[in-house]
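Open the model in your viewer and keep the selection panel at hand. The stops below say what to select and what is there.

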Amino acid sequence: VRLCGMTPRPPHPKVLKTAMGAAEYVSLGEDEEGVSTTLQTVLDLKSKGYKVFGVETTENATSLWDTPMPHDDTGSIAYVFGNELIGVDVQVLHECDGIVCLPTYGIKNSLNVATCVGIIVWDTLRLLQKVTRN
């Protein structure tokens, strides 16, 4: 997990309360210089071989269900989630390998970030599990 921008991080009291003791078991992937910008983090992950997908509701987004995922067993996939007010920065989206969205129906066109993260991570793990079994 990499936290960038204005995302609160441990030991922030709200994070610790929500994490209910799990914060100490999650590596935040910080480098020696500390917290990177989102753009720096995307470029760093890409240089290490990750496929990076921005998660955003834009014209250029492809439904997660229709997005081809890497078919290897390295699990080298990263997602960039923005905040609920302004989303993912346009410059960051330009550096991503793809832009995905979750299909929604009805009046609202998006989910809150926490719900979106849960769905996307769960589905990605499901797909990676299928790849590693075959």
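A salt bridge here is a side-chain nitrogen of Lys or Arg within 4 Å of a carboxyl oxygen of Asp or Glu. Keep that cut-off for a later stop.

Residues are numbered from 1 along each chain as its sequence is written. This is a predicted model, where local features need pLDDT of at least 70, side-chain atom pairs count only at pLDDT 80 or more, and totals for chains, interfaces and linings use all residues; side-chain values use heavy atoms, with hydrogens and water left out.

**Stop 1: the whole chain**

Show the protein chain as a cartoon. It has four helices and four strands, in the order α-α-β-β-β-α-β-α from the N terminus. Helices (H or I, at least four residues) and strands (E, at least two) are DSSP runs, numbered from the N terminus.

Of the 134 residues, 30% count as buried. Buried means under 20% relative accessible area, exposed means over 50%, and partly exposed is in between (1.4 Å probe, protein chains only).

**Stop 2: the sheet**

Select the strands. In what order do the four strands form the sheet? The order is E2-E4-E1-E3, the sheet is open and the pairing is parallel. Two strands pair if DSSP finds at least two bridges between them. Strands of a sheet pair through backbone hydrogen bonds, either parallel or antiparallel.

Strand E2 (62–63) and E3 are the edge strands, each pairing on one side only.

Now select strand E1, residues 51–55. E1 pairs with E4 over three bridges and with E3 over five bridges. To see one bridge in the first pairing, pick Gly-54, whose partner in E4 is Ile-99. On the E3 side, Phe-53 stands opposite Tyr-79.

Is E3 buried or exposed? Four of its five residues are buried, so E3 is largely enclosed by the rest of the structure.

**Stop 3: the loop before E3**

Select Ser-76, in the loop between E2 and E3. Ser-76 is buried, with a relative accessible area of 18%. Leaving out residues up to four places away in sequence, Ser-76 touches Gly-49, Tyr-50 and Lys-51. Contact means heavy atoms within 4.5 Å.

**Stop 4: the cores**

In soluble globular proteins, nonpolar side chains tend to be buried together. A nonpolar core is a set of buried Ala, Val, Leu, Ile, Met, Phe, Trp, Tyr and Cys residues joined through side-chain atoms within 4.5 Å.

Select Val-42, Leu-45, Val-52, Ala-61, Ala-78, Val-80, Val-88, Val-92, Leu-93, Cys-96, Ile-99 and Cys-101; these 12 residues make up the largest nonpolar core. At least two of its residues come from each of helix H2 (38–47), strand E3 (77–81), helix H3 (90–95) and E4. Apart from this core lies another, of 11 residues, including Phe-53, Leu-64, Ile-77 and Cys-116.

Go back to Val-92 and show its surroundings. Not counting residues up to four places away in sequence, Val-92 touches Thr-38, Leu-39, Val-42 and Val-80.

**Stop 5: a residue of H3**

Select His-94, which is found in helix H3. At 65% relative accessibility, His-94 counts as exposed. Draw a distance from its C-alpha atom to that of Gly-54: the two are separated by 9.0 Å, while the residues are 40 apart along the chain.

**Stop 6: the salt bridges**

How many salt bridges does a search of the whole structure find? It finds three.

- Select Lys-48 and Asp-44: the closest N and O atoms of this salt bridge are 3.2 Å apart. Asp-44 is partly exposed, at 26% relative accessibility.
- Select Asp-97 and Lys-46: here the closest N and O atoms are 3.7 Å apart. The pair links distant parts of the chain, with Asp-97 in the loop between H3 and E4, Lys-46 in helix H2, and their positions 51 residues apart. Asp-97 is partly exposed at 37%, and Lys-46 is partly exposed at 30%.
- Select Arg-126 and Asp-123: the closest N and O atoms are 2.7 Å apart. These residues are three apart in helix H4, so about one helical turn separates them. Arg-126 is partly exposed at 31%, whereas Asp-123 is buried at 8%.
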